[in-house]
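Here are some short exercises to work through with the structure open beside you. Try each task before you read its solution.

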Amino acid sequence: MNLKNNVVVGVYTNKEKYLRRFVENFNALYPDVELIYNVYDAPISNNMEILRRDFKKTGKRYWLFLDDDILFCSADTIKKALSYLKKPDYALTTTYQITDLHLTYINPSNLQFRDILWSAGYFMLVDSHKIGDIEFDRSLPTSRGSLADIEYCMQINQAGFKIGIIPDYVYHEDSGYSEKIGKFDLDKADISEVNKNVNQFFKSLNTKFFYDQREMKVVFREDGSIHRDQTIGHHYLKHKYPKLYKEFFNDKNLNHLKETMKNEPILNKTILPSYLKI
């Protein structure tokens with residue numbers, strides 16, 4: 001497929017920090033693909049909806065939402081995501097991510113295509129012929145991206161389509177999801193400080209938004225600090241979409257994924273292209 005005629009890529013962000021690096025990386029690998037890059041100081045859900053409407057104006061079928069703090073590691077990533085998106089039941093595909101180019105490099109041949117419940121917004125390729133009219137919820141009472149991503153993906157699920165993660169990856173500077181999250185060393189942690197942080201975190205929540213409930217799966221980083229986006233994201237999904245949450249986040253399913261990933265030798269040293277030196 002000709003990417004130039006069929007794909008439009010876009011970033012909406014509230015900062016210019018990564019602008020030059022992102023554009024240089026993107027143009028090096030995808031010089032013929034249309035790129036929309038606007039900097040606008042507004043909540044992420046608002047910016048994502050503006051971007052969706054800009055995508056629609058182009059008339060192109062496939063829309064790729066990106067975070068500005070990512071870097072492409074291959075010129076084949078978009079084509080690979082498109083190949084899986086053409087499956088009849090799929091309306092959105094995403095990639096795995098690496099978050100430290102200095103430590104770990106993933107060999108894509110060891111990754112697998114999987115169905116996932118929602119995609120983080122750092123890479124979301126959608127088929128507008130299937131879900132082009134699904135909007136981002138601008139009323140979400142937070143500027144954090146995880147809720148906008150989840151709500152958008154839940155609408156896709158409710159429309160009867162699937163979301164898949166492809167056997168490829170991008171570099172993502174944001175901490176993002178890591179298998180290390182939630183596995184900090186309890187023996188070395190100051191539990192009183194951890195509990196103090198948890199209590200402060202609960203007090204900061206909008207009680208109306210969180211249904212006046214304090215039961216929450218608190219997701220920790222490796223150092224014991226709270227991963228706010230992951231925690232809020234799980235809670236939001238659990239209470240607004242309990243059926244989907246129960247179907248996906250059950251012990252049988254999660255244990256199967258864990259065992260599958262445990263058997264994948266994902267570490268592979270590679271030589272990075274010059275534009276990925278950071």
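Contact here means heavy atoms within 4.5 Å. Keep in mind throughout that this is a predicted model.

**Exercise 1. Helix H2 and its surroundings**

Task: Find which residues of helix H2 are buried, and which strands they pack against.

Solution:
- Start with the helix, residues 19–29: its buried residues are Phe22, Asn25, Phe26 and Leu29.
- Next, look around the helix axis. These residues cover an arc of only 95 degrees, so they lie on the same side of H2.
- Now look for partners. The buried residues of H2 pack against strand E1 (7–13), strand E2 (34–39), strand E3 (62–66) and strand E4 (70–72).

**Exercise 2. The aromatic pairs**

Task: Work out how many aromatic pairs the whole structure has, and what kind of pair Phe26 and Tyr30 form.

Solution:
- A search of the whole structure gives 13 aromatic pairs.
- In one of them, Phe26 and Tyr30 have ring centres 5.6 Å apart and planes at 35 degrees, and the pair is tilted.
- Check accessibility as well. Phe26 counts as buried because its relative accessibility is 0%, and Tyr30 is buried too, at 3%.
- Then step back to the wider group: ring pairs link Phe22, Phe26, Tyr30, Tyr37, Phe72 and Phe123 into a cluster.

**Exercise 3. A pair across the chain**

Task: Describe the pair formed by Tyr90 and Phe113, and say where in the chain each residue lies.

Solution:
- Geometry comes first: the centres are 5.4 Å apart and the planes make an angle of 65 degrees, an edge-to-face pair.
- For location, Tyr90 belongs to strand E5 (residues 90–98), while Phe113 is in the loop between E5 and strand E6 (114–116). With the two positions 23 residues apart, the pair links distant parts of the chain.
- Accessibility separates the two rings. At 9% relative accessibility Tyr90 is buried, whereas Phe113, with 24%, is partly exposed.
- Phe113 has a charged partner as well: the charged end of Lys87 sits over its ring, 5.8 Å from the centre.

**Exercise 4. Two nonpolar cores**

Task: Identify the residues that touch the most other members of the largest nonpolar core, and find the helix that supplies its largest share.

Solution:
- The largest nonpolar core has 40 residues, and those touching the most other members are Phe65, Leu92, Met124, Tyr152, Met154, Ile156 and Leu237.
- Helix H6 (residues 145–158) gives the largest share of this core, seven residues.
- Another core of 24 residues lies apart from that one, with Val7, Leu29, Tyr62 and Ile166 among its members.
- Zoom in on Met124. Leaving aside neighbours within four places in sequence, its contacts include Met48, Trp63, Phe65, Leu92, Phe136 and Tyr152.

**Exercise 5. Helix H4 and Lys79**

Task: Find the buried residues of helix H4, then decide whether Lys79 is buried or partly exposed.

Solution:
- In H4 (residues 77–85), the buried residues are Thr77, Ile78, Ala81, Leu82 and Leu85.
- They share the same side of H4, because their arc around the axis is only 135 degrees.
- Lys79 lies in this helix, and with a relative accessible area of 47% Lys79 is partly exposed.
- Beyond four places in sequence, Lys79 touches Met1 and Leu3. Lys79 and Asn2 are 77 residues apart in sequence, yet their C-alpha atoms are 9.3 Å apart.

**Exercise 6. A histidine and two aspartates**

Task: Locate His172 and list its side-chain polar contacts with Asp67 and Asp69.

Solution:
- His172 is found in strand E8 (residues 162–172).
- Its relative accessibility is 3%, so His172 counts as buried.
- The side chain of His172 makes a polar contact with the side chain of Asp67 at 3.4 Å and with the side chain of Asp69 at 3.1 Å.

**Exercise 7. The whole chain**

Task: Put the pieces together by asking how many helices and strands the chain has and what percentage of its residues are buried.

Solution:
- The chain has ten helices and eight strands.
- Of its 278 residues, 47% are buried.
- Finally, among contacts with a separation of 6 or more, 80% are between residues 24 or more positions apart.

Notes: Residues are numbered from 1 along each chain as its sequence is written. This is a predicted model: local features need pLDDT of at least 70, side-chain atom pairs count only at pLDDT 80 or more; totals for chains, interfaces and linings use all residues. Side-chain values use heavy atoms; hydrogens and water are left out. Rings of Phe, Tyr and Trp (its six-membered ring) pair if their centres lie within 6.5 Å; planes under 30 degrees apart count as stacked, over 60 as edge-to-face and the rest as tilted. Buried means under 20% relative accessible area, exposed over 50%, partly exposed in between (1.4 Å probe, protein chains only). Helices (H or I, at least four residues) and strands (E, at least two) are DSSP runs, numbered from the N terminus. A charge sits over a ring if NZ of Lys or CZ of Arg is within 6 Å of the ring centre and within 35 degrees of the ring normal. A nonpolar core is a set of buried Ala, Val, Leu, Ile, Met, Phe, Trp, Tyr and Cys residues joined through side-chain atoms within 4.5 Å. The arc is that of the directions from the helix axis to the C-beta atoms. A polar contact is a pair of N or O atoms within 3.5 Å; within protein, one must be able to donate a hydrogen and the other to accept it, and residues adjacent in sequence count only if both atoms are side-chain atoms.
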